[in-house]
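This briefing covers the ligand site, a surface patch, a loop position and the salt bridges of one structure. Please read the points below alongside the sequence and the coordinates.

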Amino acid sequence: MAPSATASSNHTAPTALPLAAGADAPHGNSAAAAIRATNGLNGEASKQHGLHFDTLAIHKGSEPDPSTGAIIPNIALATAYQQKTVGMSGDKGFDYSRFSNPNRNAFEANLAALEGAKYGFAFASGTAVTSAFMGMVPYGGHVVSVNDVYGGTFKLQGMFKETHNVETTLLDLDTEGMEARLEAAMQPNTKLVWIETPTNPTLRLVNIAVVCQIAKRINPDVFVVVDSTFPSPWYQNPLALGADAVMHSCTKYINGHSDVLMGVAVTSHPEIARRLKLVQSGLGAVPSPFDCWLVLRGLKTLPIRMREHGRISLRLARYLDAHPLISEVIYPGLPSHPSFELLKSQIAPKALQAQIDDGVDIEQGIQYSGMLSFRLACDPRDREPGSKLLTELKVITLAVSLGGVESLIEQPSTMTHFMIPEEERLKLGLGHDLIRMSVGLEDPRDLEQDLDQALQKALGSRSTVEAEQEAKRRKLA
Ligand SMILES: *Cc1c(COP(=O)(O)O)cnc(C)c1O
């Protein structure tokens, strides 16, 4: 049985809901009440007030506390709330903190506003969100998923095959010939189309709008969900492109400080919202109030961090592109990236406009989040150069994960993607020569210097001066 169907049935579907409620709106444990609470702070309401992304990131869910005037929410650790009467929720709308609590509601309201969604649901990890969506597929149902997914998502797809007989078809969703491949993959029992864009670690872009159009034309009831963890809501808003729901691993950019594990799903689709609420409170993979408080704190600087991640990454991508010991740089914002044109239409308009306003020549390069991959000038079957490079770095840290203020770097072939058999890995372009970097917010000159000195040790018989001269020659050519 699908997890969503095992949840208790005392939850009612949301109906048309008022948008006027504020942060102190009642938060009940029924789906409708909880959704109403989130809804009061949602994107539509904020658009009515004409607030921009940066303002929402700071203020949504952090409205001054009516009882004390505190400008930052208190951390509400209570697991139970007093009730004046018997029944399912206390007079302030809270009863038991798995169903809803002030810090979680505040975070959900903020994220929903940033994605322009009506509803937001926080989970204990990004993976718990992915499993909530997989659980919406009935027993024996079918999923179509982009083939280059996050490793944990791939693992979950396998687990749901075993436990729920849910088959997942992994598909290359690159633009070229995609329509025919998607049409061929969709089955009458396809319930979920799973997009992750950019993909990981080869940073391919999936055209969200086109996938939604095709999938919905074939089956209007299919749910299209986008894992938008890499771009964050600053650079990408999938709901505006036709997706039904968006998920983020908040562990990454949303929190941004590598100290919380958390996930979130947002949607404006009432049926998806109802099911997410059921899974959230019914399966119980919820984050703690403190984690929600920390992530809401992180969100206040999300737009500033993301712009800086983008600026530093584009600069670093160009530096590496000109480096003689690097054979290829993969960054969607470089004009050499195969999806550069798609990026221009898919990037959130506010993020593109902000760059144009800053005088960035977007024909020469677009700042687009902080993930970049590159290939060393070495044999893809030789693991030594990459291994040497990563252990010689002094500023950049060898670690998995991403999206924090500190730069992290890894070798997918031996770390995040080691479980893929070698021949398959090489076909996907995941040789030992491929390095994935989460570009942090350090001074880019230190990052460049650090990479250069480690590259020389790993690969170079050449001196830095020679390498720089060659880089300059290549830039001029
Ligand atoms: C990290 C990550 C996840 C999983 O999130 P957790 O918070 O680690 O459970 C899912 N998708 C992407 C793209 C990720 O980077």
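In this predicted model, an oxygen atom of the ligand is placed 2.9 Å from an N or O atom in the side chain of Ser-249. Another residue with a polar side-chain atom beside a ligand oxygen is Thr-251, at a distance of 2.7 Å. The protein buries 94% of the 380 Å² that the ligand exposes when taken alone.

**Ligand surroundings**

- The ligand is surrounded by 14 residues, of which Thr-127, Asp-227, Ser-249, Thr-251 and Lys-252 come nearest.
- Gly-126 contributes through its backbone: one of its polar backbone atoms is 2.9 Å from an oxygen atom of the ligand.
- Sorted by class, the shell comprises 6 polar, 5 nonpolar and 3 charged residues.

**Nonpolar surface patch**

- Ile-75, Leu-77 and Phe-290 make a nonpolar patch of about 280 Å² on the surface.
- Within this patch, Ile-75 belongs to the loop that runs between α4 (53-59) and α5 (102-115).
- The relative accessible area of Ile-75 is 35%, so this residue is classed as partly exposed.

**A loop position: Val-166**

- Is Val-166 buried or exposed? With a relative accessible area of 0%, Val-166 is buried.
- Val-166 sits in the loop between α7 (151-164) and β3 (167-171).
- Although Val-166 and Val-137 are 29 residues apart along the chain, their C-alpha atoms are separated by 7.3 Å.

**Salt bridges within helix α5 and around Asp-172**

- How many salt bridges does the structure hold? The count is 25.
- Side chains of opposite charge can pair when their charged atoms come close.
- One such pair is Glu-108 and Arg-104, whose side chains meet in a salt bridge with an N to O distance of 3.6 Å.
- Glu-108 and Arg-104 are separated by about one helical turn because they are 4 residues apart in helix α5.
- Both partners of this pair, Glu-108 and Arg-104, are buried.
- A further salt bridge joins the side chains of Asp-172 and Arg-181, at 3.8 Å from N to O.
- Asp-172 is partly exposed, at 29% relative accessibility, and Arg-181 is likewise partly exposed, with a relative accessible area of 27%.

**A salt bridge between two helices, and a network**

- Arg-315 and Glu-448 form a salt bridge in which the closest N and O atoms are 2.8 Å apart.
- Arg-315 lies in helix α13 (residues 302-321) and Glu-448 in helix α18 (residues 444-459), so their pairing ties together parts that are 133 residues apart in sequence.
- The accessibility of the two partners is as follows: Arg-315 is partly exposed at 36% relative accessibility, whereas Glu-448 is buried, with a relative accessible area of 10%.
- Which residues are joined into one network by salt bridges that share partners? The members are Asp-148, Asp-172, Asp-174, Arg-181 and Arg-204.
- Asp-172 and Arg-181, the pair with the 3.8 Å salt bridge, are thus among the residues of that network.

Note on methods:
Residues numbered from 1 in each chain as written. Predicted model: local features only at pLDDT ≥ 70, side-chain atom pairs only at ≥ 80, totals over all residues. Heavy atoms only, no water. Near = heavy atom within 4 Å. Polar contact = N/O pair within 3.5 Å; in protein donor to acceptor, adjacent residues only side chain to side chain. Areas by Shrake-Rupley, 256 points an atom, 1.4 Å probe, with all protein chains shown as cover. Nonpolar A, V, L, I, M, F, W, Y, C, P; charged D, E, K, R; others polar. Patch = residues over 30% accessible without salt bridge, like charges linked within 9 Å, V, L, I, M, F, W, Y side chains within 5 Å. Salt bridge = Lys/Arg side-chain N within 4 Å of Asp/Glu carboxyl O. Buried < 20%, exposed > 50% of the residue type's maximum accessible area, 1.4 Å probe, protein only.
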